[in-house]
Amino acid sequence: MSSVATIDDVEFGMELVPFEPNTSLESVRAFAKAVGWGLGGRFNDHEQARKEGLPGALVPGIMAMGFLTTMIHRWAPAAIVERIDTVFRAPLLADEPCSLAATVTDIDSHTAIVELDLSVKNSANETRVFGTARVRLPKG
Amino acid sequence: MLDIDDLKARFLNLEFDSKDFVIDPDNALTVARMSGETLPEFTDPTHPDFQATPAIIASLASGRRLPINFPSLGGIPMDGGKAVTCLAPVKPGSALNGRTHLHDIYTKSGRSGRMVFLVSRMEIRDSEGHHLATSDSHMVIRERPEA
């Protein structure tokens with residue numbers, strides 16, 4: 001099932017359909033500038049970031065939070081993300097693909113609340129960001 | 001090593017910062033689009049429920065990172081993660097206020113020493129005092145043995 005309308009459409013263990021996030025340096029730059037982190041090389045320039053001791057320009061951790069929130073909204077357009085909690089385990093690099101995953105770990109049909117486990121992996125399949133979300137859905 | 005219980009007793013739940021914000025609608029739109037968002041509530045500024053995504057709420061930073069007189073832990077602080085709790089829509093362009101306190105302090109020990117985790121919690125309210133969202137920032141510091 002690609003889109004969920006109500007709590008009745010959700011099954012325990014269900015995996016959300018991921019999308020391919022845009023981690024291009026251009027997109028990362030725009031995001032970083034919009035949140036006020038546009039200065040310096042960290043999110044702007046691979047060479048400058050390497051001079052600062054980083055492996056390259058990074059994807060901001062909160063951009064990964066943004067990708068995960070989007071995945072939830074694409075899965076269930078009527079969902080309200082009540083809480084999203086993300087742990088930044090290691091950096092994601094700009095211009096490198098990453099993959100998103102989310103699994104339903106709990107369903108409360110009475111309150112119409114769903115709990116999700118979340119992760120973002122890099123191209124080497126290493127988990128870089130993980131977390132949880134609490135999502136409210138319309139009742140069936 | 002610092003006494004974590006003492007730090008908790010002295011610093012937890014004491015507000016140490018208050019800051020006013022206005023989320024720029026264009027910036028809210030850019031953050032939503034660069035996140036791949038497609039819902040009009042986040043991507044159409046003319047939508048009646050146009051609102052900020054959790055990601056841009058998480059970017060709101062307090063004026064101070066830690067309370068005055070908080071002791072140095074010796075290491076370089078790293079951004080360990082963010083959490084956002086949404087209680088009501090946060091409207092770009094409207095006046096907001098964020099009040100910040102230390103919500104939790106805890107440690108994890110490994111082969112390379114002790115890591116101290118500091119959780120700063122910002123409560124975001126509108127101009128009428130309605131609590132709209134809470135943003136938690138997890139700061140991780142590798143404690144130096146002599147600290």
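**Figure 1. Close-up of A:D95, a partly exposed residue of chain A in the predicted model.** The relative accessibility of A:D95 is 45% in this predicted model. Because a residue must exceed 50% to be called exposed and fall under 20% to be called buried, A:D95 is assigned to the class in between, partly exposed. Its place in the chain is the loop that links β3 (92-93) to β4 (98-108) of chain A. The backbone of A:D95 adopts a positive phi of about 70 degrees, although A:D95 is not a glycine.

**Figure 2. Close-up of B:N69, a loop residue of chain B with a positive phi.** B:N69 is not a glycine, yet its phi is positive, at about 75 degrees. The residue belongs to the loop between α4 (54-58) and β2 (77-86) of chain B. With a relative accessible area of 66%, B:N69 is classed as exposed, whereas A:D95 is classed as partly exposed.

**Figure 3. The salt bridge between A:R83 and B:D136.** The two side chains pair across the two chains, with the closest N and O atoms 3.6 Å apart. Between chain B and chain A the count is one salt bridge.

**Figure 4. The contact between chain B and chain A.** Chain A contributes 27 residues to the contact and chain B contributes 24 residues. On the chain B side, B:M34, B:S35 and B:K82 lose the most area to chain A, and together they account for 24% of what that side buries. The size of an interface is often expressed as the accessible area lost when the parts come together. For chain B and chain A, the buried area is about 2100 Å², and carbon and sulfur atoms give 58% of that area.

**Figure 5. The fold of chain A, built from three helices and six strands.** From one end of the sequence to the other, the elements of chain A follow the pattern α-α-β-α-β-β-β-β-β. The C-alpha trace of chain A spans about 55 × 30 × 20 Å along its principal axes. Chain A has 140 residues, of which 51% count as buried. Of the contacts in chain A between residues at least 6 apart in sequence, 61% join residues at least 24 apart. The accessible surface of chain A amounts to about 6500 Å², with 49% belonging to carbon and sulfur atoms. Chain A carries 13 positive and 18 negative charges, and the mean positions of these two sets are 7 Å apart.

**Figure 6. The fold of chain B, built from four helices and five strands.** Starting at the N terminus, the order of elements in chain B is α-β-α-α-α-β-β-β-β. Along the principal axes, the C-alpha trace of chain B extends over about 55 × 30 × 20 Å. Chain B contains 147 residues, and buried residues make up 46% of them. When contacts in chain B between residues at least 6 apart in sequence are considered, 69% join residues at least 24 apart. Chain B exposes about 7300 Å², and carbon and sulfur atoms supply 49% of this area. The 16 positive and 20 negative charges of chain B have mean positions 8 Å apart.

How values were computed:
Residues are numbered from 1 along each chain as its sequence is written. Chains are lettered from A and ligands numbered from 1 in the order in which they are written. This is a predicted model: local features need pLDDT of at least 70, side-chain atom pairs count only at pLDDT 80 or more; totals for chains, interfaces and linings use all residues. Side-chain values use heavy atoms; hydrogens and water are left out. Helices (H or I, at least four residues) and strands (E, at least two) are DSSP runs, numbered from the N terminus. Buried means under 20% relative accessible area, exposed over 50%, partly exposed in between (1.4 Å probe, protein chains only). Contact means heavy atoms within 4.5 Å. Accessible areas come from the Shrake-Rupley method with a 1.4 Å probe; for residues, only the protein chains shown count as cover. Lys and Arg count as positive and Asp and Glu as negative; His and the chain ends are not counted. The place of a charge is taken as NZ of Lys, CZ of Arg, CG of Asp or CD of Glu. Buried area is the accessible area (1.4 Å probe) that two parts lose on being put together, summed over both. A salt bridge is a side-chain nitrogen of Lys or Arg within 4 Å of a carboxyl oxygen of Asp or Glu.
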